[in-house]
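Student: I've got a model open and want to check the labels people put on it. Can we go through them one at a time, value against cut-off?

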Amino acid sequence: MRTNYRWISDVSSCCCLCFFSVSPEQIKNLHKRFQQLSDNEETISRENLEKIPALANNPIRKQIIDAFFDKRNQHQNEVGAFQEIGFEQFLMVMSHFRPPTLKTTEEEREAMRKEKLRFLFNMHDTDNDGTITLEEYRKVVEELLSKSGAIGLEAAKAIADAAMLEVASTNVPHMAPDDFYEGITFEHFEQILKGLEMESRMHIRFLDVDTMTMRCGKSKS
Amino acid sequence: FPAFCHQRPCSLPERGLLLLMVLVFLEGSVLPLGAASSPDTSHQTNLGDHQGTHTGPNSTKKPFPVLAVEYDRVQIPFEISLWVLLASLMKLGFHLIPRLSSIVPESCLLIVVGLLVGGLIKLAGEEVPPVLDSRLFFLCLLPPIILDAGYFLPIRPFMENLGTILMFAVVGTLWNAFFIGGVLYGVAQIQPANPSDLHQLELLPCLLFGSIISAVDPVAVLAVFEEIHINELLHILVFGESLLNDAVTVVLYHLFEEYAGVGTVTLLDGVLGVISFFVVALGGVLVGAIYGILAAFTSRFTSHTRVIEPLFVFVYSYMAYLSAEIFHLSGIMALIACGAVMRPYVEANISHKSHTTIKYFLKMWSSVSETLIFIFLGVATVDGPHAWNWTFVTVTVILCLVARVIGVVGLTYVINKFRIVKLTTKDQFIIAYGGLRGAIAFSLGFLLNQDHFPMRKMFLTAIITVIFFTVFVQGMTIKPLVELLAVKKKQEAKRSINEEIHTQFLDHLLTGIEDICGHYGHHHWKDKLNRFNKKYVKKCLIAGERSKEPQLIAFYHKMEMKQAIELVESGGGVKLPSAMPSTVSMQNIQPKKPPPAKPVERVLPQLPKGREEEIRKILRSNLQRTRQRLRSYNRHTLVADPYEDGFSDLLIKKQRMVELEKKMSNYLTVPAAPPDSPTMCRARLASDPQAYSMKPVSDSVPTIQVDLASPQSPDSVNLLDEFRHAGQQQPEVEDQGLMMKPPSGPSGPNKPREADEARDQQKLMRCLSDPGPSADEDEDEPFLP
């Protein structure tokens with residue numbers, strides 16, 4: 001027990017330096033949850049996450065779980081995937097979902113928005129070539145519609161094609177008939193999602209993460 | 001000559017102005033005429049006439065009246081029509097005068113017109129009709145505006161900010177009412193020694209007055225905010241507040257009115273008041289929701305009688321309002337709940353035309369209502385018995401402003417602790433400044449009983465002054481202030497499919513993250529609600545196939561439909577009339593195969609110019625024939641009659657045909673299909689409609705049975721020869737489906753060989769992609785019946 005708390009204080013001091021608004025309390029709550037998910041071990045693997053019953057209904061479950069194990073989200077310029085992650089990596093992924101505060105300056109907001117968009121981009125760009133190709137985008141839409149049966153699959157291709165066309169027309173308005181639009185780069189991705197104000201939308205309320213409402217990952221709830 | 005030219009551009013607004021003046025005088029003169037023909041005497045004379053002719057054959061026979069005037073029979077409908085006509089002509093007039101509408105908001109102009117008309121009537125010496133009669137106002141003029149607001153309420157931002165809106169609506173209004181009432185009473189009491197009227201004012205009437213004047217008015221807010229286009233958040237906050245404070249106003253009004261006669265309010269009454277508030281608010285919402293579900297359920301069966309679909313929407317909503325009014329529940333909240341609940345289901349069930357009808361009728365009625373309300377305000381001002389008291393009126397106006405500012409600042413301080421997107425000072429200023437009062441306050445004041453409230457006239461005068469102040473001063477200055485403070489404006493950009501995809505993606509992502517954290521936050525509950533909706537509710541309330549249609553697909557179809565309609569309306573140019581003229585088309589996006597180092601690729605540069613032209617002509621004529629064949633297939637089999645059953649399925653099929661048409665005409669002469677020989681292309685097109693039935697897809701490449709028996713034109717045989725030698729080497733290209741076969745290997749330059757042929761053929765098609773003039777003609781035919 002003592003080791004845990006000492007470790008938390010180390011992590012929290014490092015975290016407080018890196019992440020703006022994740023307070024020590026929030027870190028403690030998340031650590032408790034981490035312990036639950038990992039059966040009190042040091043690391044969690046994909047199976048631990050897959051066992052969460054509430055996630056079963058989520059159409060993009062696989063992508064979400066993969067995002068936790070994606071090295072690109074650790075901001076250390078590595079690529080590939082982990083097999084297991086420790087609490088630090090877990091926290092790093094979670095920090096992508098912190099909200100801006102009244103004190104966040106304009107530059108910080110920009111940086112936050114870029115970071116969140118990068119997270120989304122990494123989720124779509126599965127082969128890590130820096131662009132989201134048509135095939136990858138189709139896969140995204142198919143997964144979104146995966147719970148809708150055959151109708152979904154038929155329409156997914158059309159929707160993905162239309163979406164890709166839109167990105168291309170917005171970013172590169174004049175292409176000769178022979179040109180080819182390779183794929184959505186990160187800049188184009190930012191441009192197309194400018195209107196959504198990611199820094200305010202992509203967040204969860206860390207403050208309310210309370211042990212009372214936490215469910216054990218393995219219980220049949 | 002130049003002078004004449006000078007005059008030409010100005011003549012339109014001048015003519016408009018002249019028309020306005022004439023009409024105002026006309027209306028002004030006819031209305032008193034109407035009032036003048038006293039119904040009793042003319043009725044008597046008519047009766048007398050009848051009596052005269054019937055009393056016997058020996059009475060003097062009057063000559064047969066060739067032309068008779070009998071005004072009183074039609075008086076009421078005639079006058080109502082005149083007022084409506086006046087209102088609409090005023091609206092027309094304002095928009096003809098270009099600069100006026102940008103400086104002064106419409107509501108101000110309308111009040112001025114009302115003042116003019118009222119003045120004219122008074123000048124004519126006639127009695128001004130009691131136009132802002134409370135029954136007329138609450139039962140006829142207010143519901144269309146609220147229904148329009150409720151039906152088109154943007155649900156997502158409303159729900160996201162519901163907590164904030166409720167705080168402002170409930171706590172804010174309560175604070176305003178008590179502060180204004182209390183301070184006014186205090187001021188009235190400390191009046192200087194000479195016994196002024198104000199000493200008569202007791203506490204309860206003051207509080208009642210406070211509760212009437214404190215509510216932000218939805219009509220005024222809509223009228224002003226409509227023109228300033230601020231961002232969605234602020235709009236929904238102020239507007240939502242104006243709608244939801246109705247419950248508070250109703251309870252406070254009835255509470256104080258009830259007990260003003262008695263003189264005291266005990267603690268028990270207070271507690272009962274609080275309970276009453278919950279009953280009024282939740283009861284109103286419940287009544288609205290019930291009627292909404294009934295309307296949605298009814299619309300499920302209207303596929304055979306499309307014509308009366310809009311009627312159900314209107315009648316059920318009005319019934320919801322009236323039912324709530326029976327029990328003194330909040331009619332406004334009932335109406336909002338009804339509109340918001342029924343909309344997603346009704347829209348999935350009704351035809352496109354009914355949807356347009358509902359939209360336009362609601363806009364029309366709410367527009368006319370709003371105009372009439374402001375004009376009547378002006379007329380009532382001229383008419384109303386006024387009792388001006390400098391102290392009372394000025395203190396009221398000042399207090400309204402002060403109370404609003406303090407309320408907003410205080411509440412925002414508390415609310416910001418719970419909000420993620422905090423409200424900045426600029427936001428607070430706009431919220432405070434946007435708290436306009438309007439006709440509801442006046443009507444409530446008008447309803448007061450003169451006996452119980454001897455100060456009624458003074459109240460009315462004060463209410464009118466506050467309304468004028470807020471509408472004129474605040475209404476006119478808010479636009480420049482918004483510019484000055486650089487408040488974020490509404491984003492004009494259309495909702496794009498990418499944003500829609502990512503909104504949905506984010507929803508699922510955040511729900512997933514919440515589940516991983518083990519935290520049951522809004523996303524979790526929202527997701528649960530959506531799943532419940534999809535599983536049970538939609539099945540009951542939506543007819544046929546549409547009940548299973550996921551939101552993304554529905555959005556996509558709607559977008560395609562809109563684009564298709566735009567295309568038809570623009571006369572069918574080659575390019576889509578989008579905001580950004582772009583030369584990007586589907587071909588630019590399809591996965592590219594690298595150029596193979598094969599001799600067969602030389603087919604492309606080796607074609608002489610003449611041959612190219614010939615090929616182009618052949619392709620074009622082939623496609624035309626295909627298209628015509630396709631269209632005739634359309635007419636006979638797909639489109640029977642839009643008013644028959646299964647129209648929604650037809651709609652889906654049609655949208656897909658539209659999609660195909662679009663691809664054909666806009667992107668290439670050949671459709672964005674895998675590069676096959678033209679024969680295969682045509683064959684596939686002919687058999688395409690079958691391809692759109694729901695088939696399970698085995699793998700990512702759908703297979704489509706190519707009907708090789710389709711008639712081939714003799715011209716195509718030559719073309720086939722061109723590619724045959726190339727085609728023979730790559731047989732597997734032939735069984736590709738509608739979409740490009742995904743590159744099976746890793747992306748990059750090392751593509752497998754069989755894909756080379758595909759790209760090579762595609763390149764050929766691209767260089768010949770010239771739609772030519774004849775392609776455009778086909779586009780002009782409407783493909784929607």
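**Labels and the values behind them**

Tutor: Sure, and let's begin in a loop: A:Asn128 sits between α6 (106-124) and β3 (131-132) of chain A. Keep in mind that this is a predicted model.

Student: What makes the phi of A:Asn128 worth a remark?

Tutor: A:Asn128 is not a glycine, yet its phi is positive, at about 55°. A:Asp39, in the loop between α2 (24-38) and β1 (44-45) of chain A, also has a positive phi of about 55° without being a glycine.

Student: Why is A:Asn128 called partly exposed?

Tutor: Partly exposed runs between under 20%, which is buried, and over 50%, which is exposed. A:Asn128 has a relative accessible area of 33%, so it goes in the middle class. A:Asp39, at 36%, is partly exposed too.

Student: What is the rest of chain A made of?

Tutor: Ten helices and four strands, in the order α-α-β-α-α-β-α-α-β-α-α-β-α-α. Of its 221 residues, 52% are buried. Its accessible surface is about 10400 Å², with 51% of that on carbon and sulfur atoms.

Student: How do you know that A:Glu190 and A:Lys114 form a salt bridge?

Tutor: The test is a side-chain nitrogen of Lys or Arg within 4 Å of a carboxyl oxygen of Asp or Glu. Here the closest N and O atoms are 3.2 Å apart, so the pair passes. A:Glu190 is in helix α9 (residues 186-192) of chain A and A:Lys114 in helix α6, so the bridge ties together parts 76 residues apart in sequence. A:Lys114 is partly exposed, at 41% relative accessibility.

Student: Which salt bridge in chain B links distant parts of the chain?

Tutor: Take B:Glu241 and B:Arg404, whose closest N and O atoms are 3.0 Å apart. B:Glu241 belongs to helix α11 and B:Arg404 to helix α16 of chain B, with their positions 163 residues apart. Both residues are buried.

Student: Why are B:Glu309 and B:Arg306 called buried?

Tutor: Buried means under 20%. B:Glu309 comes in at 2% and B:Arg306 at 7%, so both get the label. They also form a salt bridge, with the closest N and O atoms 2.8 Å apart. Elsewhere, bridges that share partners join B:Arg156, B:Glu160, B:Asp507 and B:Lys526 into one network. Over all chains there are 22 salt bridges.

Student: How do you know that B:Glu370 has no salt bridge?

Tutor: Compare the distance with the cut-off of 4 Å. The nearest side chain of opposite charge, B:Lys91, is 5.1 Å away, so no bridge is counted. B:Glu370 is nonetheless buried, in helix α15 (residues 352-383) of chain B, and touches B:Ile145, B:Val219 and B:Ala223, leaving out residues up to four places away in sequence.

Student: What makes B:Ser211 buried?

Tutor: Its relative accessibility is 1%, and the label needs under 20%, so B:Ser211 qualifies. B:Ser211 is in helix α9 (residues 203-214) of chain B. Beyond its neighbours within four places in sequence, its contacts are B:Ala177, B:Thr249, B:Leu252, B:Tyr253 and B:Phe256.

Student: Where are the nonpolar cores, and how many residues does the largest one have?

Tutor: The largest has 138 residues, and B:Trp83, B:Phe137, B:Leu142, B:Ile375 and B:Phe442 have the most contacts inside it. Helix α11 (residues 232-260) of chain B gives the most to this core, with 15 residues. Apart from it lies another core of 69 residues, including A:Phe34, A:Leu55, A:Leu193 and B:Leu509.

Student: Last one: why can B:Leu272 belong to a surface patch?

Tutor: A patch member needs over 30% relative accessible area and no salt bridge. B:Leu272 has 47% and is partly exposed, so it clears the area cut-off. B:Leu272 lies in helix α12 (residues 267-299) of chain B. With B:Leu267, B:Leu268, B:Val271, B:Ile275 and B:Val279, B:Leu272 makes a nonpolar patch of about 610 Å² accessible area together.

Notes
Residues numbered from 1 in each chain as written. Chains lettered and ligands numbered in written order. Predicted model: local features only at pLDDT ≥ 70, side-chain atom pairs only at ≥ 80, totals over all residues. Heavy atoms only, no water. Patch = residues over 30% accessible without salt bridge, like charges linked within 9 Å, V, L, I, M, F, W, Y side chains within 5 Å. Areas by Shrake-Rupley, 256 points an atom, 1.4 Å probe, with all protein chains shown as cover. Helix = DSSP H or I, 4+ residues; strand = E, 2+ residues; numbered from the N terminus. Buried < 20%, exposed > 50% of the residue type's maximum accessible area, 1.4 Å probe, protein only. Lys, Arg positive; Asp, Glu negative; His and termini not counted. Contact = heavy atoms within 4.5 Å. Core = buried A, V, L, I, M, F, W, Y, C linked by side-chain atoms within 4.5 Å.
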